[in-house]
Amino acid sequence: MNASRTSLIGRSVERKEDYRFITGAGQYTDDISLPQQSYACFVRSPHAHARIRAIETAAAHAAPGVLAIFTGKDFAAIGGLPCGWLITSMDGTPMKEPKHPVIAEDVVRHVGDQVAIVIADSLAEAKAAAALIEVDYDVLPAVVDTATAARNATAIHSVAPDNICYTWAIGDAAAVDAAFAKAAHVTRLSFINNRLIPNAIEPRAANALYARGDDSYTLYVTSQNPHVERLLMTAFVLGLPEHKVRVVAPDVGGGFGSKIYLYAEECALVWASKRVGRPIKWTAERSESFLTDAHGRDHVTTAELALDKDGKFLALRVDTTANMGAYLSTFASCIPTILYATLLAGQYATPQIYCRVQAVFTNTAPVDAYRGAGRPEATYVLERIVELAARELKIDPVELRRRNFIRTFPYATPVALTYDTGDYEATLKRVLEIADVKGFSARKAASAAKGLLRGIGYSCYIEACGIAPSNIAGALGARAGLYEAGEVRVHPTGKVTVFTGSHSHGQGHETTFAQVVAQMLGIGLDDVDIQHGDTAKVLFGVGTYGSRSLAVGGSAIVKAVDKVIAKGKKIAAHLLEAGDSDIEFVNGEFRVVGTDRKKAFAEVAFAAYVPHNYPLDKLEPGLNENAFYDPTNFTFPAGSYVCEAEVDPSTGVVRIDRFAACDDFGNVVNPMIVEGQVHGGLAQGIGQALREGCAYNSDGQLVTGSFTDYAMPRADDLPQFVVETARGTPCTHNPLGVKGCGEAVAIGSPPAVINAIVDALAGLGVRDVAMPATPYRVWQTIQAAKR
Amino acid sequence: MSEPIRLKVNGKATVVNVPPDTLLSTFLREHLRLTGTHIGCDTASCGACTVLLNGRAIKSCNMIIAQTQGLEVTTIEGITPADGSLHPMQAAFKTCHGLQCGFCTPGMIMSALDLVSHGAHATDSEIREGLEGNLCRCTGYQNIVKAVALGAKAMGR
């Protein structure tokens, strides 16, 4: 599909979903209250690591309003929360998969681990009763530090006595060693990719209902992928018949990865709803979100880049320790491997790359995908070390990047991916213009006159979206398919309802997908509704993550629309007394080629449902088509960013003065929505670089457990962004030619910010600044450089 | 028995029949079922629960119902015209794509109304400062700032 020849595709139409959100009529999980509603409160471990000696619940049982209390022993017979990706270690052994119990059985392994669930008539009564439960703990030493977890004498799980989940590698180690041996220059850097807490503004919530009449369950839950939630919950944890469980993810207030996973709380609620015989609601308090939502990043890395005398990259060697937290979350294992090490080529034709990753357990909350998931960590490695190499070699950082750009496609990297298309020079060239890089030296001088140090930082990123295809992912350890499903239901009047397995929680599917369908069918945008997020409505779904919705979910819908059109042509051929092959579908009309005989789309739809004049001998009535789409490859968005930062050397305060972004997302359906994704990604990327850092103390207590301790970017912390979407190189293997845009900017932006700060401080001899570059940390870095 | 608490919510006189220490946010959401006011935190940090109290933006999670005696509360539902049209500030958020997941949006709009009614919106940086009490994780704020400026203009401010 070519965006330029169409009218709805490529247009910034206002969002169809907005009315309910701006009027307060959205229906988020916590807004749903059911008849006979009861409420749950979880008793959580105050210790990072402890043995449970005894739990005394008698006083709580006797408290007013209490309906039930369940502890680990009640859940012992049901399964643990599964991990969806099997990583195999270098020695051929499978990763260690300790049981992740719904309610802790005899040991708690992170602060916030569930110990009991209390269900009562009201939330206040549930909370009051929970406070009466006495848990006798035998406190054990806590393993907290990522870098040293594998050397810690304390074992968190008996199946992993050294706290190592797996040690995995990709690339040709010998070839990399050989390349380093003949290198003219080697740049080395060690750094931490700071642990983040996703913090969607809507906390996680669930409301579970059991219906005795037909022995079925309904779960309303804050999920990015309700079908996957149902499959994992029924088949692996609760042992319930899948078809007797309906999972609804209604309006969801942001996810950023944290709502992909199957969590303990919703499993406990579904299980308990039958025993209590009333619907049970739980909504996380923000402090619970901090303690129990899956966190992101948390890598400790050493990287080495070998270059020849001309600045050509010869090889990259990376060694990373990745924190899994206390248990394996749903996709935890594939994040620092499949979605990290495979991205280490970036935009560069580095001939040899080797990466070893050791994943470790710690007594901290589980770590899993957070916006970008592995790809920000890879981009940070690469864009920091390239910048540093340029500085060491006294080559302009833009020039060094250019010398190493991949310029011919398709391009097979040494780390398993094949990029189908791209034009890295185009986005770089354009961003240098919109960032006004030419004016930088004048601005630097103006800053200096005020006693401020100004720096400029670049980042050229690539990312891989829409993980695929299923068979290759399966060979790499995926335990799920990575296609998407869609259904296009044409009603007798020609109005259309589309059901998609993708879920929208801010991305605007209800508009973007409708633009695609309305355009293809030649009908109005208001004649198409997009439905998502309900296993009872949508045939199947793999869900929303990895920037896959339009590239994969949208493609499934396109396939279904194609089938509708194909059937419509047969119906029209009958109505127009022409051959099937003589019918063309143009602008919402079925026409006999070369004549003025035609039938409108709605007329054909009506004939399909009122088949009086209809080829019943050859064709079923109705106009309703399903499709599943399994991509043949990832899509590879890419772009270039320029950040200008001003550092006050007396305080360490960093002010981002300018940030310019130019991205290639392939074809764009709704530029306004895409630009919104860029803005949001920038806020999270700048947040990681400057403000956000999850911290545990050495006892495993979460130090940054509230919005007063964990610094979320606020409106006055961010600059006005200058962003542009390049004309772009359309994806070559999906029907819309689209790539992903949801995560790209959170992936590409952190190194641009840090590179700018390092550039500002380079005159002081600073070669690295750790994230988050808080004023105190920057000030310390400056003081250390002065000594 | 003390005096019953009487307040106006969205122009309607309301007699409170809940314990006086009930949070205003809980009263609005659970008892009046005005679920457009959202709860995003437990430290009065996120602003999702922002409503107007006698025309000033307050965080309804940070006030108990006993403090509202005789006062007038306006929620997002209260500024929404019954005929399906939009308040100019709501329309501006739509036009400018000032929302994504929508969860912070009602609170953001209520803060914006306070900001605009008190003339604190002359520049983008003033608007940014005025929205400091409201967290948004989706938009990066840029389009929210744009929306507030446009909404103010549409309101004749």
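**Exercise 1. Between which two helices of chain A is A:Pro772 found, and which bond joins A:Met771 to A:Pro772?**

Solution.
Step 1. A:Pro772 is placed in the loop between helix H18 (744–761) and helix H19 (775–786) of chain A. Helices (H or I, at least four residues) and strands (E, at least two) are DSSP runs, numbered from the N terminus.
Step 2. The peptide bond that joins A:Met771 and A:Pro772 is cis, with omega about -10 degrees.
Step 3. A cis bond also leads from A:Phe409 to A:Pro410, where omega is near -5 degrees. A:Pro410 belongs to the loop between helix H10 (397–404) and strand E16 (411–412) of chain A.

The model is predicted: local features require pLDDT of at least 70 and side-chain atom pairs pLDDT 80 or more, whereas totals for chains, interfaces and linings use all residues. Residues are numbered from 1 along each chain as its sequence is written, and chains are lettered from A and ligands numbered from 1 in the order in which they are written.

**Exercise 2. What are the phi values of A:Asn199 and A:Phe256, and are these residues buried or exposed?**

Solution.
Step 1. A:Asn199 is not a glycine, yet its phi is positive, near 55 degrees. It is found in the loop between strand E8 (185–193) and strand E9 (205–211) of chain A.
Step 2. The burial criterion counts other C-beta atoms, placed from the backbone, within 10 Å of a residue's own: 20 or more means buried, 12 or fewer exposed, and the range in between partly exposed. With 25 such atoms, A:Asn199 is buried.
Step 3. A:Phe256, likewise not a glycine, has a positive phi of about 60 degrees. Its place is the loop between strand E11 (245–248) and helix H7 (264–276) of chain A. A:Phe256 is buried, having 30 other C-beta atoms within 10 Å.

**Exercise 3. Compare the end-to-end distance of helix H6 (residues 226–238) of chain A with that of a straight helix, and describe the surroundings of H6(A).**

Solution.
Step 1. The expected span of a helix is 1.5 Å times one less than its number of residues. For the 13 residues of H6(A), a straight helix would reach 18 Å, but the end C-alpha atoms are only 16 Å apart.
Step 2. Of these 13 residues, 11 are buried, so H6(A) is largely enclosed by the rest of the structure. Among the buried ones are A:His227, A:Glu229, A:Arg230, A:Leu231 and A:Met233.
Step 3. The cover over the buried residues includes strand E10 (216–221), E11 and H7 of chain A.
Step 4. A:Gly239 follows H6(A) and has a positive phi, near 65 degrees.

**Exercise 4. Which residues touch the most other members of the largest nonpolar core?**

Solution.
Step 1. A nonpolar core is a set of buried Ala, Val, Leu, Ile, Met, Phe, Trp, Tyr and Cys residues joined through C-beta atoms within 7 Å.
Step 2. In the largest such core, of 312 residues, the members that touch the most others are A:Ala40, A:Val118, A:Leu344, A:Val517, A:Ala661, A:Val753 and A:Ile757. Helix H15 (residues 549–575) of chain A gives the largest share of this core, 13 residues.
Step 3. Residues are in contact if their C-beta atoms, placed from the backbone, lie within 7 Å. Not counting residues up to four places away in sequence, A:Val118 touches residues including A:Ala40, A:Cys41, A:Ile69 and A:Ala130.
Step 4. In soluble globular proteins, nonpolar side chains tend to be buried together.

**Exercise 5. How many residues does each chain bring to the contact between chain A and chain B?**

Solution.
Step 1. Chain A contributes 42 residues and chain B 45 residues.
Step 2. On the side of chain A, two or more residues come from each of helix H1 (18–22), helix H8 (286–292) and helix H17 (671–690). H17(A) supplies the largest share, 7 residues.
Step 3. This side of chain A divides into 18 nonpolar, 15 polar and 9 charged residues. Here Ala, Val, Leu, Ile, Met, Phe, Trp, Tyr, Cys and Pro count as nonpolar, Asp, Glu, Lys and Arg as charged, and the others, Gly among them, as polar.

**Exercise 6. Describe the overall dimensions of chain A and of chain B.**

Solution.
Step 1. Chain A holds 19 helices and 28 strands. Its radius of gyration is 27 Å, close to the 28 Å given by the globule rule for 787 residues, so chain A is as compact as a globular protein of that length. The radius is taken over C-alpha atoms, and the rule is 2.2 Å times the number of residues to the power 0.38.
Step 2. The C-alpha trace of chain A spans about 90 × 75 × 50 Å along its principal axes, and 59% of its residues count as buried.
Step 3. Chain B has 6 helices and 5 strands, and its elements run β-β-α-β-β-β-α-α-α-α-α from the N terminus on.
Step 4. Chain B has a radius of gyration of 15 Å, which agrees with the value near 15 Å for a compact globule of 157 residues. Its C-alpha trace spans about 50 × 35 × 25 Å along its principal axes, and buried residues make up 55% of chain B.

Definitions and conventions. Two residues are in contact if their C-beta atoms, placed from the backbone, lie within 7 Å.
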